[in-house]
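Grab a coffee and work through a few short exercises on this one. Each comes with a solution, so try it yourself before reading on.

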Amino acid sequence: MRKLTLALFLAVYICSVAVHSRIRQKRTWIIDSFNIEEENPGPFPYLLGTIELDRKYLVNFRLHGSGVDKEPKEVLKINQRNGQIWVHKKVDYETLQLLQLTFEATNVSNNQVDTRLGVEVRILDINDHAPVFSPPHYQATVDESTAQGQVVATMNVTDKDDSQTPNGTFSFNIISVTPKTDNVEFFLEPTGASITGIFFRGCLDYEKANTYTIVVEAKDHGDKVQLSSTSTVTMNITDKNNHLPEITGQTGPGRVKERESGVEVLRVQVADKDSPGSQAWKAKYTIHGDKETYFKIETDPKTNEGVITVLKAMDYEEQTSRNVSISVANEVPYFSCEITGRPAKRLWDVKTFNEGPGKSLPGFPKLYPVSIAVEDVNDPPEFVPPVRKVGIMENTKLGTHLCTLEAKDPDKTFSSKFHFTKGDDVDNWITVDPETGEVFTAKVLDRESPLLKNSSYSVILYVVDNGEPPMTGTGTLIIQVGDLNDNLPILEVNTLGMCLSDEATMTNITAVDLDLPPYSSPFTYELLGDVKGKWSIDPTRGTTVHLVKENTVYSGVHELQIKVSDNQGLSLTQNLSVTVCDCTSTPNCHLRRSSGAQVGSTAVSIMIFAFLLLLAILLMAFLISCKHEKKMIMTDDEPGWRLLKSNTETLGTDCKVPAKITQLESIQAIKAKPNLISTHDGISKQEVIQQNHQQDYYDSTFPKEQLLRRSLQRNLFQLQAPGEELGDYEPHCYAYEGEPMIDPQLDAISLPENDFNPNVLTNLDWQFNKLASICRPDLML
């Protein structure tokens, strides 16, 4: 029998229990356990142990459970004769730690189970698994300004071996750090049962190393063999602002022309040891000593230079140069870390500084002086004053002197000779003497001109020097025009409508005057003519007054004369047309007056249609008259027939001729041969002779074309319905009762202002006397 690699322990405890009773009991066998070391290499099968029984009769041994007929199957087998247990293959502790089985002993003679025992087989763990990092590789990022003693990365490790044995416990160790620098040292500390953290002591410095590669080992504590694994940690350092920027110089002209703005005049260079492109490297400039804000400075994102640009134009005559100072900082706060000692402790001795609000390094920021020169150029002359106001009364004669322009040249080194010219003069009101600057009126000024705003007229003027190049100054001349009483008051509207009423009614009338007070309102109104008892104005003075209509005024159009005088007595007599009609509250009489001259579009369309129809009928008649004519020859042998003479041998053409034309042809035939007249056709000779005389009259008075035209017109008029126009159309609604007319088509009845003359009644026929007595009984007395 082969011994097991590790100690194989077989303990069989046999207890015999004798129960003194009337019935004899079976003996019970109890077996504790067997042990199998995992991953035993064999050779297979090998003997695990033997179950021995004190038997006086023959028995068979059987084994059931995990490892035999349950998973993992066929690991163990028992010899049914001698009770030996054999191992047939490897077992894995990490898969199954205990095999539970049942042992049975069966009497061969009667096949009855004589003994049943419980058997346990324990799997013994060996160190067959190394610690494993999860994940196998780590990436970590840490700021350069991170303080020492802080964890910068954590690592997780697992081991499948039994954690209750040395095989499943492990420890960590840093194998290597690349690159090695004197400013930092990394170390490990556990942060959990299977987790360790990476810490550092000292000061991180991006400029010394921006990446560290750290190899960490995890090794278990196995008794016979120790297994281990490693993981690589890539530590990336982010650059922070631990180097101050420093201005090293300047480039550019450093000068600017006066009155020039928006131009670059200077560039300031800066040096910074931080990583290019990072916030710790990007410069932020500030200008000092520029209270008037003549300049601005911006950072060139590519070169990190400070670009100085002129914001506000400067005047050489005021200052020939401008001195300012420039300071520079970074976009992120500055920090510093300095190692002062390396004791054998967890952390080293360091000195740190972090910039913040109200906290900065002594002597920082440093100021860099900059001087910018101003170059003199030819300045444009200036009007004195730039905006000049002059006053003049309207209607002043042409050529009146307004003012004399004045200008100055601010230049000290350039010529000051210049001339004047006119710019924007919309209505060409003035002329300007180019040498003296005298301004005269070029036309009679009118205050009521629509070009004026608040009685003022503006002209743009220029003054030009003789410099190289010539410069031009701009000024404004404002002409304030005084008012005269040169406009008459006029009515806003000269047509009114009023409703017929049994009581006196009124409406508003308003006058306007283009002049200003006191040459305009209030106005005085006066009605002229015979208006007593019919029309009046109340009040007679004001801008808007009431026109009062008495109840004696009848409907119709009334032409009134009204005199309107302004506040100075200047007056104008005007016609006021008042239409009185039967309405309710809103007068709409004036809408009816314009209907008489209107021609409806329907009537025009009918006229055009009738004209085209007439042309078509004439054309058809003309075509009919062009066809061959059949003449029948009448003889005395066949009475009752009218035969016309024909000299053609061809077939005749069918032609329907109007009855009137046929009758005329018959008359002409009888005239040609009166002897061929037959009385059997229903016409007597006397009638024929009479028709013959009528035909002579027609032939002499109207040509055939006129007769044809008359016949066509008569037939056309017969087609029309009595009292209707040619064509069909929808009835038109002129207005609804009680509402104003939208499209009136009826004329208003116009009545003269004088009353009806009763003498007219004497000229009327007797048939109208009764009507007159009903309408005007007061005049029939």
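**Exercise 1.** In which helix does Val-604 lie?

Solution. Keep in mind that this is a predicted model. Val-604 belongs to helix H1, residues 601-625. Next, check its exposure: the relative accessible area is 37%, so Val-604 is partly exposed, as that value falls between the 20% and 50% cut-offs. Finally, look at its company: Val-604, Ile-608, Phe-611, Leu-612 and Leu-615 make a nonpolar surface patch of about 470 Å².

**Exercise 2.** Work out the strand order of the open sheet that contains S14, and find its edges.

Solution. The order reads S10-S12-S15-S14, with antiparallel pairing. Strand S10 (132-133) and strand S14 (184-190) each pair on one side only, which makes them the edge strands. Now zoom in on S14: its antiparallel pairing with strand S15 (residues 195-202) runs over seven bridges. Across from Glu-189 you'll find Gly-197 in S15.

**Exercise 3.** Classify two of the 11 aromatic pairs in the structure, Phe-44 with Tyr-46 and Phe-61 with Phe-103.

Solution. Start with Phe-44 and Tyr-46: their centres are 5.8 Å apart and the planes make 35°, a tilted pair. Phe-44 is partly exposed at 31% relative accessibility, whereas Tyr-46 is buried at 2%. For Phe-61 and Phe-103, the centres are 5.5 Å apart and the planes meet at 25°, so this pair is stacked. Phe-61 sits in strand S5 (residues 59-65) and Phe-103 in strand S8 (residues 98-107), so the pair links parts of the chain 42 residues apart. Both Phe-61 and Phe-103 are buried.

Methods. Residues numbered from 1 in each chain as written. Predicted model: local features only at pLDDT ≥ 70, side-chain atom pairs only at ≥ 80, totals over all residues. Heavy atoms only, no water. Pairing = 2+ DSSP bridges. Helix = DSSP H or I, 4+ residues; strand = E, 2+ residues; numbered from the N terminus. Patch = residues over 30% accessible without salt bridge, like charges linked within 9 Å, V, L, I, M, F, W, Y side chains within 5 Å. Areas by Shrake-Rupley, 256 points an atom, 1.4 Å probe, with all protein chains shown as cover. Salt bridge = Lys/Arg side-chain N within 4 Å of Asp/Glu carboxyl O. Buried < 20%, exposed > 50% of the residue type's maximum accessible area, 1.4 Å probe, protein only. Phe/Tyr/Trp six-rings, centres within 6.5 Å; stacked < 30°, edge-to-face > 60°.
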